[in-house]
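Welcome! Here is a short tour for anyone meeting these chains for the first time. Take a look at the structure, then read on.

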Amino acid sequence: MQVKNFLSFKTVLIFLIVLFLLVFNVFPMCYLVFKSFTGESGFTLEAFKRIYTHALNWNALRNTLLTAGLSMIFGVMIAFPLAWLVGRTDLYGKKFFRTLFVMTYMVPPYVGAMAWLRLLNPRVGTLNVWLADLFGLSQNLFNIYTIGGLVWVLTTFYYPYAFITISRAMEKMDPSLEEASKISGASPLKTVLTVTFPVMLPSIVAAGLLVFVSAASCYGIPSIIGAPGQIDTVTTRIIDYVYVGSQEGLSDATTLAVSLMIIANIVLYISTFICGKKQYITVSGKSTRPNIVELGRWRLPLTLLVSLFALIVVIIPFATVAMTSFTKNLGKALTLDNFTTRYWHILFTRKGILDTAKNSLISASVAATAGIIISCVMAWLLTRTRAKGRQIPDFLITLGSGTPSVVIALALIMTMSGRFGINIYNTLTIMIIAYMIKYLLMGMRTVVSAMSQIHPSLEEAALISGAKWQRGFWDVTLPLIAPSVVAGWFLIFMPSFYELTMSTLLYSTDTKTIGYELYNYQTYHSQQTASAIATGILLLVIIVNWLLNKLTKGEFSI
Amino acid sequence: MSSITLNNITKSYGNVQVIHEFSEIFQDKEFITLLGPSGCGKTTMLRMIAGFEKPTTGEIKIDNVTVSSPSKFVPPNERNIGMVFQSYAVWPHMNVFDNVAYPLKIQGVSRPEIKHRVENALESVHLSQYINRMPDELSGGQQQRVALGRALVSEPRVLLLDEPLSNLDAKLRESMRFEIKEVQRKFGITVVYVTHDQTEAMAMSDRIIVFNRGVVQQVDSPINIYRNPANQFVADFVGKINFLHGESSNGTITFSGGQSMSYSGDKLGSVVVAVRPENIFMTQDRGALRGTLTHSYYLGDENDCRVDFDGNIIRVISSGRSYGEIKAGSQVWLDFDEYLVFQDDGVDYTKILS
């Protein structure tokens, strides 16, 4: 009898999670698609026709595909050698570089846009001016307000996605595959090209597609850089349409969003079901220590090259933003005369900023807590039970996470404003739900992988010692997965905290978030205040990273 | 302190039947070994006794109390069983004391009592000096003994051991065998032991149950399993053996190569003669059967030989001291000291181990 109760308990859990996902994920998306294909008289492609008769939208679509495609190619071209150098060679300062590159992943992408705007402004960009002086040029080298500029910023902020994916795959690769190549007489370079690269190819493709989708769904960067340069992307067009406010605007936004969603879902399908099937990487139970390639006389030059890269891509932009926050007059260099702490004072005193920070803190904490609870339940269902249907929520969570933020937000607006009996529009709840749908996957993956590394016999030993399964979970499983649970919590918390895209669509007067506030200051009021907020977020990322390292005894850092 | 009764147990996963119907009673204080190649169903059997798997049909009783039947199922935590897992399952986040104390903490035993009993348990598994160590500071053998201590500390009715020695090196394995046996005698406990190692089974058990593909092949004492195996599988799996094909008629068996020997048993027609290498007596002067010595290997305690018997290579083991007495290539005489005859059903039992 007890077994039966237990079974139904699992079913109830699955049912509850699926219900949540159905109501707030599947149904809104389906409604969005349905809406875009129906007019007053049933099925029609009218909406698509109308949208794509505007050259502006065609341009936006082309720009999105072009910038995301180029960012994908450049991102992988940077990430693969970098992951190899940092993970598999005796490069100097590997750990430092690794932390640096991975931390970029936790920084809001729009911060990069703010930095590069200052550095490569065609007239007064700091780096531009400096380079022109250095080489005695009569005119500035770069213009950030171009497709090229957009690709540059997207690449520098999304290559970490590829870097992390490829690094993980490299860590999991059985080192004896490479050893076998070397024993057969291949040089290290030959080994990389003939064994490492082909074996990793599915992961590399998956990493590239991840960069593509992220870049295509990005709103912050194209809106900060694209707007002055009049470069539209699909995401900026969608938000423009929503801001028009009319029924027609909303309907056009829907249609564009469905286009973006279709692109994203095709990519997601390819990367999970085609690349996923071809994973050659075998994870052995023991932690295999990858063999380290000695770079020999290349060690120093390559370290310098990686340092230069880190300097340009990570340190200079972050430093620029930090310096901007202390600058009185943006037209002049940061000297003692031009130094002020005014904007930091604003950051800590202005009610608008503090309120939005509080909103973000609350919604991100709730989303992270609820998300990690679902993650734990899912981890348990996936790794410890054979419950039927446990793959369904897993699939839905993956799907939600792969959907562009704009699409999620728009779908929630359309369905959760009372039309179907639920009205949570203009509340923090709708934000929390949006964050959970978008970022749940990160938490879930972390907990699932930790759980699958715990041998079930550890729990069985608790049962046979007389403990009920709940007690066993508390005494044995929980302490062992605790570091991952903490890490998973922060992986949901951080992106939710500074989220911009969904917040831009979902906010109301009382529920503005810090990401939105920052964007507002950057675009309309004061770049320095925006920079102070951004620097504050950067510091938070560093503190969280340090905290995480302490809490998990060095097992995890972001 | 208790018996285990298995009534008509079967186990299937979907359409795959992994345990065929089986009934047996394990007596109080008996040391029972479930022996078989990997994937034969022995671990599943053990896990059903523990309560981690539910039998598809049948009933399990411990001390005549039903713990598993179609209408009743007692979960593992209420069965009062001790178990040592193949991977030891020593909790990495607890020190030796906390690992061993865990079952007592669950029972709500008082602190001083816990301390006392854990110390006793650790003493009986020779781990007293490691009481505050963390598992990752212990060797494999020490972790194994932590697991054993934890299984014994609450003085369970039954102790289940799932290949507990398979991760240890040969020397340690041998000494642990005797330690486990010693502990069993001391605690007077019923033990069910799973292994694929026939030497372990022989050395420790009161009775051995040999499994193959979910079917019980034989339940018997070690000596009977070895000397009177029920079938060719058991004969082949336990110990070393030669199978020779022949025809039996009129009190003689004629081997495929043409030589024959007298036979007083009742098997007729196609037969297989099974003879253990150490039961073949090899001399140069006289005997019943003829062959040619092709190789001999000096192993110290024994002399492991291969003899060409009319085209079949058979293995002969004689004492280590006899090495070198007969040169390779010499004609030898063979006498079968003790052998078994099975009806030949055309199946090669040396090739199907699982």
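## A loop residue in chain A

Arg419(A) sits in the loop that links α17 (405-415) and α18 (428-452) of chain A. The model you are looking at is predicted, and every value in this report is computed from it. How covered is Arg419(A)? Its relative accessibility is 45%, so Arg419(A) counts as partly exposed; the class of partly exposed residues runs between 20% and 50%.

Which residues does Arg419(A) touch, once those up to four places away in sequence are set aside? They are Tyr31(A), Lys35(A) and Met414(A).

## A nonpolar patch on the surface

Elsewhere on chain A you can find a nonpolar surface patch formed by Trp152(A), Leu308(A), Leu311(A), Ile312(A) and Ile315(A). Together these residues have about 400 Å² of accessible area. Helix α13 (residues 299-324) of chain A supplies the largest share of the patch, with 4 residues.

A general point about helices helps here: an α-helix has 3.6 residues a turn, so residues three or four places apart point the same way. One of the patch members, Leu311(A), lies in helix α13 of chain A. With a relative accessibility of 38%, Leu311(A) counts as partly exposed.

## Where the two chains meet

Now let us turn to the interface. On one side, 21 residues of chain A are in contact with 25 residues of chain B. About 2,000 Å² is buried between chain A and chain B, and carbon and sulfur atoms give 63% of that area. In chain A, the residues that lose the most area to chain B are Glu460(A), Ile464(A) and Ser465(A), which together make up 30% of what that side buries.

Polar links are present too. Between chain A and chain B there are 6 residue pairs in polar contact, counting those with both residues at pLDDT 80 or more. The count of salt bridges between the two chains is 1. In a salt bridge, the side chains of Arg47(B) and Glu460(A) meet at 2.7 Å, N to O. On the chain A side, α1 (2-37), α19 (456-464) and α20 (469-497) each supply at least two of the residues that touch chain B. Of the elements on that side, α19(A) gives the most, with 7 residues.

## A mostly covered helix in chain B

How many residues of helix α2 (residues 96-107) of chain B are buried? The count is 9 of its 12 residues, so the helix is mostly covered. Among the buried ones are Val96(B), Phe97(B), Tyr102(B), Leu104(B) and Ile106(B). The buried residues of α2(B) pack against α19 and α20 of chain A, together with α3 (111-124) and α4 (140-152) of chain B.

Both ends of α2(B) have something to show. At the N-terminal end, Asn95(B) acts as a cap, with a side-chain oxygen 3.2 Å from the backbone nitrogen of Phe97(B). After α2(B) comes Gly108(B), which has a positive phi near 75 degrees.

## Chain B as a whole

Stepping back, chain B holds 8 helices and 21 strands. Its C-alpha atoms fill a box of roughly 75 × 50 × 30 Å along the principal axes. Of the 354 residues in chain B, 52% are buried. Chain B exposes about 15,700 Å², with carbon and sulfur atoms supplying 46% of it. Among its contacts between residues at least 6 apart in sequence, 66% join residues at least 24 apart.

One residue to look up is Thr10(B), in strand β1 (residues 4-13) of chain B. Thr10(B) has a relative accessible area of 7%, so it is buried. Leaving out neighbours within four places in sequence, its contacts include Gln17(B), Ile19(B), Pro55(B) and Thr57(B).

## Two loops with positive phi

Most residues other than glycine have a negative phi. Lys29(B), which is not a glycine, has a positive phi near 65 degrees. Lys29(B) lies in the loop between β2 (16-26) and β3 (31-35) of chain B, and its relative accessible area of 48% makes it partly exposed.

Asp310(B) also has a positive phi, near 50 degrees. You will find Asp310(B) in the loop between β18 (302-309) and β19 (312-319) of chain B. At 38% relative accessibility, Asp310(B) is partly exposed.

Note on methods: Residues numbered from 1 in each chain as written. Chains lettered and ligands numbered in written order. Predicted model: local features only at pLDDT ≥ 70, side-chain atom pairs only at ≥ 80, totals over all residues. Heavy atoms only, no water. Patch = residues over 30% accessible without salt bridge, like charges linked within 9 Å, V, L, I, M, F, W, Y side chains within 5 Å. Areas by Shrake-Rupley, 256 points an atom, 1.4 Å probe, with all protein chains shown as cover. Salt bridge = Lys/Arg side-chain N within 4 Å of Asp/Glu carboxyl O. Buried < 20%, exposed > 50% of the residue type's maximum accessible area, 1.4 Å probe, protein only. Contact = heavy atoms within 4.5 Å. Buried area = accessible area lost by both parts, 1.4 Å probe. Polar contact = N/O pair within 3.5 Å; in protein donor to acceptor, adjacent residues only side chain to side chain.
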